[in-house]
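Colleague: Please take one close look at how the secondary structure elements pack against one another here, beginning with a pair of helices and then moving on to a sheet.

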Amino acid sequence: MQVSGFLINLTKIALDALFKATNAEIKVHGEENIPDQPVLYVINHFTRMETFFLPYVIKKITGKDVLSLAFKDLFGGGFGRFLERLGAIPTNAPDRDRIMIGALLKGDMPCLIFPEGQMIKDKKLIEKGKFMVYNSGIRRPPHTGAAMIALRTEFYREKMRYYNEKGLTDELDAYLKHFEIESDKGIDDIIRQETIILPVNISYFPVRARENIINKIANLFVDNVSERIEEELEVEGSMIIDGVDIDINFGNPIPIRPYLNRRSIIKKSQDNCKYLMDSEVKKGLHFRKEALSLMCRYMDSIYDMTTVNHDHVFSFILAKYKANRIDEADFINRAYLAIDRMNKTELEYCHSNLKLNQDSMLTDDGHRGYDSFIEAAKSDGLISVEDGYIIKNRDKFSNIYGFHSIRKDNIVEVLKNEIEPIRHLVRDINKLMWLPNFIVRKIIRDRFVKLDNDIFNRDYEKYYIEGETKPKEIGRPFFLKRPFGIYSRRGVILIHGYMSAPEEMRELADYLYHTGHAVYGVRMRGHGTAPEDLSQIQWNEWYDSVNRGYVVMKNTARKIAIVGFSTGAGLALLQAIRKRDRFCSVISINAPLKLNNIASNFASVVVFWNELLEKIHIKKGKMDFVDNQPENPHINYFRNPVSGVRELEKVMDAVRKGLKELDVPTFIIQGIDDPIVNPESGQEIYDKIGTERKELSRVYANRHVIVRGNGSHKIFAMVNEFLKNHFNS
C-alpha cells in the first residue's frame, strides 16, 4: 500500500488551520498510555470527521503515520484515491487484514479500527446488559474483527519466532513475502515486539443539529441532498462552525499475548503449517472465544472513558422522569446532586465544566450549561417550559426514530444512551431518581445550611480578635423553620447591613416567624467576625452569601420574599432584579444608592494608594481602616475597612444600573436622616422602577428607620402587612 507522506503532511497543515479557524477545541488525555509497541487503536465512532482527524491526532502525538479502516462508500474516484494515499483502507478491501497485520508485525505503522463496524449515531450500545449495535434494521453484537486482527498478528509473530528458532528459513521467508516485510527488516525486531490494543474514546460537547454554512453551501451546489447527508452536515457542520469540545481519552493498553495461552493455540504456533490462506485460517485457527472476550474488554474500556458533561446528566434525568410535567426546581436539584455525586466519587472522565462549582445551577441567576440545554431542547420541540414546569413533548419521547435521523430529531435520547455503558454512574443517578421530591429538597436545604455555618466557623476562627470579635451567636446565620412539614407556605430571607451581622435582623426574624413565616437570616461574608475579614471580601461574595440563603429558602417554602436593611437592602433589590419572578415581593429598608459622607468618595483612591504601598513593601502611610461609631456596639464593627467602602459602592452601582429591570412588588422604606445613605435614595429607587410599574410599589419615609429596639415594631407591622398581601395574591 502506497502512503504519501507529502499528502499526510499537507492534510495535517489543513486540519491545523481548520481547528484554529473555528471554536473547536481538541483535548487529549492519557497519551502517556501509548506504548512503544505495535498498536491497534480501537475507537468509538459517532461522526464522519473521526475518519480524518483521529489519524491526524495520533500522528501529532506519536509522529507515526496511521493505517485506518474506513467505510467502503467513501472510496471511489479521486477522493477514494486521496483517502488511500492518506493510509485509509476500505472496509470491503479483500486484502485489508493482510495489510494491517503486516503493518503491526513490522511495528512501523499503528492501525486504527472502529470496532462497532459503523457509525453509532444513536449511541445505543447496551441492551439487557450486553453490547448491541444497530445494523440493517436489527440489533447485533459488535464485530470481533479488531480482536481477530490483533490475535492473528500476535499468533503470526509467535510462528515467526518458532521458525526463527528452528531455522525454518523457507517458512519464515514465506511469511515475510506474504506480509510484504522487506528482507532488510531484522527478524529480531519483529519477534521481540508485542501487539497491543489501545482503547480510545472520543466525546463531544455540545452536540446540536443546526443549519450552518456548510449544509447551506451543499444545498446550493448539489441538487436533492439525501436526508442522511443533510443530517450529517447539520450535526457535524455545527460542531465545526459553532465550536465543540472534543475530548480524546487514551485508555490502558491491552496486551494480546496472554490471550494465546490456550494449549491448542500454543500447539499450532509450534507446528510447520503456515495458516496464511483464508481457508487455512478458518480451518485451523479458532479464536472465537478469545476474540469475544477481548472485544468485551475493549468495548467496556472504550465506553467507560466517555467524558461525561452537563448535557449527559440533564438528558438522562429528563428521560428518566415518567411524568410529562416536571417541576423545574426538582429537575435542577436532582441534576445538581448527580453532579455532586460524580465529583465526590471522583469520576475519572468528566468534562472540565462539571468540576467547577455548580451552585449557580440552584440560585436561578443563570447557569450556562443548563440554560443551553433547555434552550436546545425547546428549539428541537422536545420540551416547553411553563410556570416553573418542564413539559415533555409526549410524541417526541414515544417515537421510534430512524437511525440516521435521531441525532437531529432527539439528541436527548442520544446523550442518554451514551452514558448507559457507565454502569456505576447510571446506578447512582437511578438511585437519586427514586428519592421523593421532599427528600431531595431536604438534602439540598440541609447541605446549604451546613455550608453557610461551616464558612462562618472557618472565618470566625481565622479572624478572631480577643476583645473585639463579638460572640458567635451575633454573627452566625440563622434559620427559623416552621414546625410542621418540610415545605412551608411562606418564606422570608433577611439581609443585614454593612459592618453589622445577622443579629441585627433577629427581632424582625422573630416577629415574622411568629406570624407564620419561615425565616433565614443571611450572614454576608466578612461580617460577624472582624474588620480584617471584611477588608478581604469583594461584593460578589456578599451576593453569594445571599444566594446560599436563597437556596435554603427555595427548598423550604412555596413562596419567597426578600427583605434587606441598608447594604442588605441593595442586595435584596439586586436579587429581585436578577431572579425576576422568583420572589413574590421585595422590601428595601434604607437601601443606599449614594453615600452621604463626602469622604467616602475618596475610598477608591485610598484603596489604590494602599495597594501601591503594599506592592513596594512600604507599611507607613497606609490607611486600611477608619473609626466607626456604631448604633449597636454589641453587633457592629468599630473599624470600617476602606476597601469595604469601595465594595459598597460597587453594590450601589450594580443596583442603580439594574433598577429599570425590577419588576417585583416592592416596598421602599427610607430614613430621611440616615447617617450612612443619601436621603434621596428611596425616591430614586421609586422613580427608576418606572411609571408603568409604580402600582407594584409603595414608598414610606421616616426621620430614622430602625430594625431593632424602640420604635421598630411599627416598621415590623408594615413589613408584615406588605408580605401578607403579596403572599396571598
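Modeller: Helix H5 passes helix H6 in a left-handed crossing, a term used when the near helix is turned anticlockwise from the far one by less than a right angle. This is a predicted model, in which local features need pLDDT of at least 70 and side-chain atom pairs count only at pLDDT 80 or more, while totals for chains, interfaces and linings use all residues. Residues are numbered from 1 along each chain as its sequence is written, and side-chain values use heavy atoms, with hydrogens and water left out. H5 covers residues 145-166 and H6 residues 169-178, and the two pack at about 145 degrees with axes 8 Å apart; axes are lines fitted to C-alpha atoms, for helices over the stretch in contact, and angles run from 0 to 180 degrees between N-to-C directions. Helices (H or I, at least four residues) and strands (E, at least two) are DSSP runs numbered from the N terminus. Where they meet, H5 offers Tyr156, Lys159, Met160, Tyr163 and Asn164, and H6 offers Glu171, Leu172, Tyr175 and Leu176, contact meaning heavy atoms within 4.5 Å. By class, that contact has six nonpolar, one polar and two charged residues.

Turning to the sheet, seven strands form an open sheet in the order S16-S18-S17-S19-S20-S23-S24, with mixed pairing, where two strands pair if DSSP finds at least two bridges between them. S16 (478-480) and S24 (697-702) are the edge strands, each pairing on one side only, and the twist averages 15 degrees from one strand to the next. S23 (residues 666-671) pairs with S24 in the parallel sense over six bridges, and Ile668 stands opposite Val699 in S24.

Technical notes
Nonpolar A, V, L, I, M, F, W, Y, C, P; charged D, E, K, R; others polar.
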